[in-house]
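These notes are meant for a colleague opening this structure for the first time, and they are best read with the sequence and the model side by side.

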Amino acid sequence: MKLKVYILGISCFITAVSCKTTQKLSETRNAEYKDLQEMVEKRNFEIVNDFANPSLGNSNINLLGNPNYIRFMKDSVEIDLPYFGYGNAGGSYGSEIGVNYKGLAKDLKITEKPSKNRILIEFKGTQENEVLDFNITLFSNQDSNTLIYFSHRSTISYRGEVSKMNNKN
């Protein structure tokens, strides 16, 4: 009988601790998501990528030590990313080797997904004679995924981190 009471007591304790931990985790995620919403709303943030993933080869290319960024500054965006892939037949993507764009975030669409703690950002840009479609997913833990579709090159994705941008830029 004492063993049953002991086991019941331990079970109740574990359940109480588990509920408290889940509640704290939920509160932390909500606070992180709120911070992310504020950053996106002000459009003053930067993404620095750690890995590039070309559409062919199933490889992760480590970008650490390779300067790259996507910077949102109010209604404009500045992008400087390395590119690993191939050009499509019948088109030229000009003299730029990487992904370089500076200008308005055209057709900007921001979709909040609070139940999944993420925000989706879609926009278009051009680089010389090529059209670029950007799909960025920002997560409340500050991770980011960027997918770029090109009119004359193969698709590439990047994984990195988002942060508030210093006002020195």
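1. The largest nonpolar core contains 29 residues, and those with the most contacts inside it are Phe-45, Ile-79, Val-99, Ile-121, Phe-123 and Leu-138. Please keep in mind throughout that this is a predicted model. As general background, nonpolar side chains in soluble globular proteins tend to be buried together.

2. As for the overall make-up, the protein has 1 helix and 10 strands, and along the sequence these follow the pattern α-β-β-β-β-β-β-β-β-β-β. Of the 169 residues in the protein, 31% are buried, while the accessible surface comes to about 10500 Å², of which carbon and sulfur atoms supply 53%. Among contacts between residues at least 6 apart in sequence, 50% join residues that are at least 24 apart.

3. Leu-138, one of the core residues with the most contacts, deserves a closer look through its partners. Once its neighbours within four places in sequence are set aside, Leu-138 is in contact with residues that include Leu-36, Val-40, Phe-45, Ile-47, Ile-119, Ile-121 and Val-162, and its list of contacts also takes in Asn-117, Arg-118, Asp-143 and Ser-144.

4. Which side chains of β7 point to the buried face? Ile-119, Ile-121, Phe-123, Gly-125 and Gln-127 do, whereas Arg-118, Leu-120, Glu-122, Lys-124 and Thr-126 point to the other face and are not buried, so that the side chains alternate along the strand. Two of the residues on the buried face, Ile-121 and Phe-123, are also among those with the most contacts inside the largest core.

5. The strand β7 has paired neighbours in β6 and β8. It is joined to β6 by 6 bridges in an antiparallel arrangement, and it pairs with β8 (residues 130-139), also in the antiparallel sense, over 10 bridges. Lys-124 can serve as a landmark here, since Lys-106 stands opposite Lys-124 in β7, and Lys-124 in turn stands opposite Asp-133 in β8.

6. Each of these two pairings belongs to a hairpin. The hairpin of β6 and β7 has 4 residues between the strands, and in it Asn-117 takes a positive phi near 55°; the hairpin of β7 and β8 has 2 residues between the strands, and there Glu-128 takes a positive phi near 55°.

7. Is Asn-117, in the loop between β6 (106-113) and β7 (118-127), buried or exposed? Its relative accessible area is 16%, and because the cut-off for a buried residue is under 20%, Asn-117 counts as buried. Not counting residues up to four places away in sequence, Asn-117 touches Arg-29, Tyr-33, Leu-138, Phe-139 and Ser-140.

8. Asn-100, which is found in strand β5 (residues 99-104), is partly exposed, because its relative accessible area is 25% and that category covers values between 20% and 50%. The C-alpha atoms of Asn-100 and Gln-127 are separated by 6.8 Å, although the two residues are 27 residues apart along the chain. Beyond its neighbours within four places in sequence, Asn-100 is in contact with Ile-79, Asp-80 and Gln-127.

9. Finally, the surface has a nonpolar patch formed by Tyr-6, Ile-7 and Ile-10, which together have about 300 Å² of accessible area. Ile-7 lies in helix α1 (residues 2-42), and it counts as partly exposed because its relative accessibility is 46%.

Definitions and conventions. Residues are numbered from 1 along each chain as its sequence is written. This is a predicted model: local features need pLDDT of at least 70, side-chain atom pairs count only at pLDDT 80 or more; totals for chains, interfaces and linings use all residues. Side-chain values use heavy atoms; hydrogens and water are left out. Patches are made of residues with over 30% relative accessible area and no salt bridge: like charges are joined within 9 Å, nonpolar side chains (Val, Leu, Ile, Met, Phe, Trp, Tyr) within 5 Å. Accessible areas come from the Shrake-Rupley method with a 1.4 Å probe; for residues, only the protein chains shown count as cover. A salt bridge is a side-chain nitrogen of Lys or Arg within 4 Å of a carboxyl oxygen of Asp or Glu. Buried means under 20% relative accessible area, exposed over 50%, partly exposed in between (1.4 Å probe, protein chains only). Contact means heavy atoms within 4.5 Å. A nonpolar core is a set of buried Ala, Val, Leu, Ile, Met, Phe, Trp, Tyr and Cys residues joined through side-chain atoms within 4.5 Å. Two strands pair if DSSP finds at least two bridges between them.
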